[in-house]
Amino acid sequence: MAFTGAFTKTNDSATALNAFILTDTSSYAEEAKVTFSDRYFYLYEIDGSTIPEPISGLDYWDFNYTDYPDDTRLVTALTEDVALRIQMFWVSISPQVGSTYVKSTPFDFLDYANQFKYGLVQDMAANRNLVNNKNFMQALDVFQTNIDSSEVSIDEDDPYESQKCIENLQFLMANPNLFY
Amino acid sequence: MALPLNIPNYLEVAKISSFLAANDQNNVAKNQGGTIYPNLSRLIYIVRTAIEWQYGIDTEDLTLIDTGNYLKALIGKYASQAARILGGGGGIFINPPSGSLFGIIGNPIEFTIGNANSPMAVGDTTLVVARNNPIIGTDSVYRDNTVVQRDLSDRASYTVSYTTISVTFVFNVPVVFGEAYQLNFLRYTIN
């Protein structure tokens with residue numbers, strides 16, 4: 001049976017906002033790890049630019065088998081919300097017909113927006129008359145709609161639309177007077 | 001320090017309450033020409049997801065006391081009804097011939113190959129799960145968050161057989177160290 005590269009992304013917001021862990025979930029039953037010489041991934045923004053690995057400065061993020069034997073890599077480079085396409089490559093020294101050595105998946109990162117929203121909820125808990133403020137509630141509704149729409153866009157494999165929603169969120173966060 | 005609130009419980013109740021509030025608003029709007037607070041369902045949703053996010057970061061964050069209490073206040077009259085719906089999970093049926101009551105419950109089994117509590121060892125292909133009254137055809141298997149197909153020979157898959165006291169899963173590829181499995185099936189609980 002063929003090898004099919006697979007990975008998952010798990011948020012690790014407790015470490016840092018928008019921090020995440022990539023886990024290689026490929027099954028190495030048919031092609032053992034010793035048949036691979038390297039593994040790496042790219043973080044693509046919607047304009048095609050890449051987020052480089054901060055220490056090496058390289059466009060790709062090293063995920064080799066020697067330094068990451070537990071198949072996980074923590075990424076803490078995102079300083080704002082963003083929609084990304086993550087593309088991982090597995091470099092086989094003996095490629096097999098039918099195997100897939102590239103996997104590409106879109107993700108959105110919304111911790112900064114969620115942190116902002118939680119702050120609004122704290123305001124509402126402290127001042128329960130805020131729900132009677134139409135301006136506040138309408139802005140909050142728009143904010144939530146953009147969070148939800150970003151996630152739906154990712155479900156539909158559309159990071160471009162997701163990024164548009166994130167930019168709306170960033171505009172609202174940069175202009176809090178729209179809420180009050 | 002543990003929080004004095006059961007936030008996970010609040011979140012579960014809030015999910016149901018959001019639907020109850022939406023239904024209530026619809027009825028009131030339809031039958032009485034309007035409602036005092038038409039966006040309650042939406043507000044519960046927004047507050048609930050915000051708390052869910054914060055709780056995911058820090059289960060002992062002290063700000064959750066204020067925001068959790070706020071969520072509880074929003075849920076208000078729906079809380080008890082939502083709790084009853086949650087408590088009933090799966091529902092109860094009456095078997096007409098015998099009059100006995102029975103329910104249906106899920107039965108997820110999760111393990112990682114190589115862990116001490118894993119029921120399968122590296123290289124195993126068969127797992128017998130001893131549970132009474134499983135419901136035939138309700139099984140599903142996930143490996144590392146990916147669905148494992150059933151009854152296929154051209155890829156990694158599994159076959160399954162049922163008895164009244166057990167379910168037997170047989171994989172056509174031996175399990176590998178580090179793989180995480182979730183096996184699911186439903187079963188009757190007969191009283």
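Me: Leaving aside neighbours within four places in sequence, with which residues is B:L71 in contact?

Reply: This is a predicted model in which local features need pLDDT of at least 70 and side-chain atom pairs count only at pLDDT 80 or more, while totals for chains, interfaces and linings use all residues. Residues are numbered from 1 along each chain as its sequence is written, chains are lettered from A and ligands numbered from 1 in the order in which they are written, and side-chain values use heavy atoms, without hydrogens and water. Contact means heavy atoms within 4.5 Å. On that criterion, the partners of B:L71 outside those neighbours are B:Y10, B:L11, B:A14, B:I44, B:V47, B:R48 and B:I51.

Me: Which residues touch the most other members of the largest nonpolar core?

Reply: A nonpolar core is a set of buried Ala, Val, Leu, Ile, Met, Phe, Trp, Tyr and Cys residues joined through side-chain atoms within 4.5 Å. In soluble globular proteins, nonpolar side chains tend to be buried together. The largest core here has 45 residues, and those touching the most other members are A:M124, B:V47 and B:L71.

Me: Which element gives the most residues to this core?

Reply: Helices (H or I, at least four residues) and strands (E, at least two) are DSSP runs, numbered from the N terminus. Two or more core residues come from each of α1 (111-126), α2 (134-155) and α3 (159-174) of chain A, and likewise from α1 (7-32), α2 (40-57), α3 (63-75) and α4 (78-87) of chain B. The element that gives the most, with eight residues, is α2(B).

Me: Why does B:I51 count as buried?

Reply: B:I51 is placed in helix α2 of chain B. Outside its neighbours within four places in sequence, its contacts are A:Y118, B:I7, B:L11, B:L64, B:T67, B:G68 and B:L71. Buried means under 20% relative accessible area, exposed over 50%, and partly exposed in between (1.4 Å probe, protein chains only). B:I51 therefore counts as buried, because its relative accessibility is 0%.

Me: How far apart in space are the C-alpha atoms of B:I51 and B:I7?

Reply: B:I7 is among the contacts of B:I51. The two residues are 44 residues apart in sequence, and their C-alpha atoms are separated by 8.5 Å.

Me: What is the relative accessible area of B:E60?

Reply: B:E60 lies in the loop between α2 and α3 of chain B. Its C-alpha atom is 9.7 Å from that of B:P4, 56 residues away along the chain. B:E60 counts as partly exposed because its relative accessible area is 40%.

Me: What share of the residues of chain B count as buried?

Reply: Chain B contains four helices and 11 strands. Of its 191 residues, the share that count as buried is 36%.
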